[in-house]
Amino acid sequence: MDNSVKQFSAKLRTSDFGSAGSRRLVRNGMIPCVVYGQNEPVHFTIDARDFANKRRYLTKSTILDIDIDGKQINAFVKDVQEDFMTGKVQHIDFYEILRGKLLQTRVKIVLEGTPTGVRAGGVLEHVLYEAEVECFPRHLPDAIKVNVENLDVNETLLVKDLPQYEGVKYLEDENATVATIKYVKDTTAEPQAETAEAAAAQPAAPAPEGAKK
């Protein structure tokens, strides 16, 4: 990832707080933000267009370099609030981290490749989408990428099967399921069978009056 994608210029927010102030900032192309973590929360704003252009490259574990009026902090995105109708970002919560200090966070799990079991007619079920990890910031991966091409029908990928990254410790149960491949049960014939059984169980209709016996 290009380092420029991780860099944001911000302005300290010292006034115009509250809902009305936040709406004015959004209308003017800015996003109200707050960073939590090591010290007191810091309120600031970033350019909405800049965030929109970079957002698709970011994950929950991407460490960002944020310059707030000359003060550098490292943080990652914790929560993004959007307007349901317009899709515009209304507010962003960041979490500050310190270089050289252990952190705990969740990292996205990305499955790569077409499994053998899928080619044989099975269906891949992705169960665990993120894994909680502990590491120093310099070791934090943007994503946990797993090649599942050799996964066959009725086989399961567990947390203990995930790739090992230098300095990264998984905090999940090592036997937790990440993904599995199963056949889809064909139930199309069952309703027909049930219909036939029901028809056989119905009493015969009485013969019309005057009919020959």
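Among contacts in the chain between residues at least 6 apart in sequence, what percentage join residues at least 24 apart? In this predicted model, the figure is 64%. The chain has 213 residues, and 33% of them count as buried. Its accessible surface comes to about 13700 Å², with carbon and sulfur atoms contributing 49% of that area. As for secondary structure, the chain holds four helices and 13 strands.

A good place to begin a tour of the strands is strand 1, which spans residues 7–12. Strand 1 pairs with strand 4 (residues 64–68) in the parallel sense, over four bridges. Within this pairing, Ser-9 lies opposite Asp-67 of strand 4. Strand 1 also pairs with strand 3 (residues 42–47), here running antiparallel and joined by three bridges. In that case Ala-10 is found opposite Ile-46 of strand 3. Strands of a sheet pair through backbone hydrogen bonds, in either a parallel or an antiparallel manner.

Further along the chain comes an open sheet of three strands, arranged in the order 8-13-11 with antiparallel pairing. Strand 8 (123–126) and strand 11 (156–158) are at the edges; each has a single partner strand, so one side of each is left without a neighbour in the sheet. From one strand to the next, the twist averages 10°. Between strand 8 and strand 13 (residues 177–182), the antiparallel pairing extends over four bridges. One residue pair helps to locate this contact by eye: Leu-124 has Ile-181 of strand 13 as its bridge partner.

Conventions
Residues numbered from 1 in each chain as written. Predicted model: local features only at pLDDT ≥ 70, side-chain atom pairs only at ≥ 80, totals over all residues. Heavy atoms only, no water. Pairing = 2+ DSSP bridges. Helix = DSSP H or I, 4+ residues; strand = E, 2+ residues; numbered from the N terminus. Axes fitted to C-alpha atoms, helices over the stretch in contact; angles between N-to-C directions. Buried < 20%, exposed > 50% of the residue type's maximum accessible area, 1.4 Å probe, protein only. Contact = heavy atoms within 4.5 Å. Areas by Shrake-Rupley, 256 points an atom, 1.4 Å probe, with all protein chains shown as cover.
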